[in-house]
Amino acid sequence: MPTRISIALLALLSFCSIAYADCVYGAKSKSSYVVLDSKTIMLTGGFGSDIIIKTYSYITRYSSISVLKDSFCSYENSVLYVDGNVVDASQVTKVN
């Protein structure tokens, strides 16, 4: 009986921990960016919602940043070019 409870609990926990990945479109149409913290920028201007991108890389207000992809989701590879390095997105969010 304890084995059934353990299996049921494990199954329940696995369903609860499914990751939700937000996706954004039109990132290349953004005309500027703001560095929110050392790993987060917000793309602004242009059409549509502003976009917040969290990365694994260090970013300063003096960083040179280029957007490599127009459409992407959280955990996507090669989204930005920051100070000569290709940078992945750990999380993306549309700001309404």
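## Starting with a buried serine

A residue counts as buried when its relative accessible area is under 20%. Serine 74 has a relative accessible area of 8%, so it is buried. You will find serine 74 in the loop between S6 and S7. Lysine 54 lies 20 residues away from serine 74 in sequence, and the two are 8.7 Å apart in space, C-alpha to C-alpha. Keep in mind as you look around that this is a predicted model.

## The chain as a whole

What does the chain contain in the way of helices and strands? There are one helix and nine strands. Following the sequence from its start, you meet them in the pattern α-β-β-β-β-β-β-β-β-β.

The chain has 96 residues, and 27% of them count as buried. Its accessible surface comes to about 6400 Å², with 59% of that belonging to carbon and sulfur atoms. Now take the contacts in the chain with a separation of 6 or more: residues 24 or more positions apart account for 42% of these.

## Strand S3 and its two partners

Strand S3, residues 40-44, is a good place to look next. Is S3 largely enclosed or largely open? Five of its five residues are buried, so S3 is largely enclosed by the rest of the structure. The cover reaches both faces: Thr40, Met42 and Thr44 are buried on one side, and Ile41 and Leu43 are buried on the other.

S3 has a partner in strand S2, residues 32-37; the two run antiparallel and are joined by five bridges. Across this pair, aspartate 37 stands opposite threonine 40. A hairpin of two residues links S2 to S3. S3 also runs antiparallel to strand S4, residues 50-55, with four bridges between them. Here methionine 42 faces isoleucine 52 of S4. The hairpin of S3 and S4 has five residues between the strands, and in this hairpin glycine 45 takes a positive phi near 80 degrees.

## A sheet of three strands

Another part of the model to explore is an open sheet of three strands, in the order S5-S7-S8 with antiparallel pairing. Which strands form its edges? They are S5 (65-67) and S8 (85-87), each of which pairs on one side only. Neighbouring strands in this sheet are turned by 25 degrees against each other on average, with direction ignored.

Within the sheet, three bridges join S5 to S7 (residues 80-82), and these two strands run antiparallel. One residue to pick out is valine 67, which has leucine 80 in S7 as its bridge partner.

## The nonpolar core

In soluble globular proteins, nonpolar side chains tend to be buried together. In this model, the largest nonpolar core has 15 residues. Ile41, Ile53, Phe72 and Leu80 are the members with the most contacts inside it. The elements that give two or more residues to this core are S3, S4, S7 and strand S9 (89-95).

Isoleucine 53 lets you see some of these contacts up close. Leaving out residues up to four places away in sequence, isoleucine 53 touches Lys39, Thr40, Ile41, Leu43, Phe72, Leu80, Ala89, Gln91 and Val92.

## Two loop residues with a positive phi

Most residues other than glycine have a negative phi. Two loop residues here are worth checking against that. Serine 78 has a positive phi near 55 degrees, and its place is in the loop between strand S6 (72-73) and S7. With a relative accessible area of 31%, serine 78 is partly exposed.

Aspartate 83 is not a glycine either, yet it has a positive phi of about 50 degrees. This aspartate sits in the loop between S7 and S8. Its relative accessible area is 42%, and aspartate 83 is partly exposed.

## One salt bridge

How many salt bridges does the count come to? The answer is one. In this salt bridge the side chains of glutamate 76 and lysine 69 meet, at 3.0 Å from N to O.

Are the two partners buried or partly exposed? Glutamate 76 has a relative accessible area of 23% and is partly exposed. Lysine 69, at 26% relative accessibility, also counts as partly exposed.

Key. Residues numbered from 1 in each chain as written. Predicted model: local features only at pLDDT ≥ 70, side-chain atom pairs only at ≥ 80, totals over all residues. Heavy atoms only, no water. Buried < 20%, exposed > 50% of the residue type's maximum accessible area, 1.4 Å probe, protein only. Pairing = 2+ DSSP bridges. Salt bridge = Lys/Arg side-chain N within 4 Å of Asp/Glu carboxyl O. Axes fitted to C-alpha atoms, helices over the stretch in contact; angles between N-to-C directions. Core = buried A, V, L, I, M, F, W, Y, C linked by side-chain atoms within 4.5 Å. Contact = heavy atoms within 4.5 Å. Areas by Shrake-Rupley, 256 points an atom, 1.4 Å probe, with all protein chains shown as cover.
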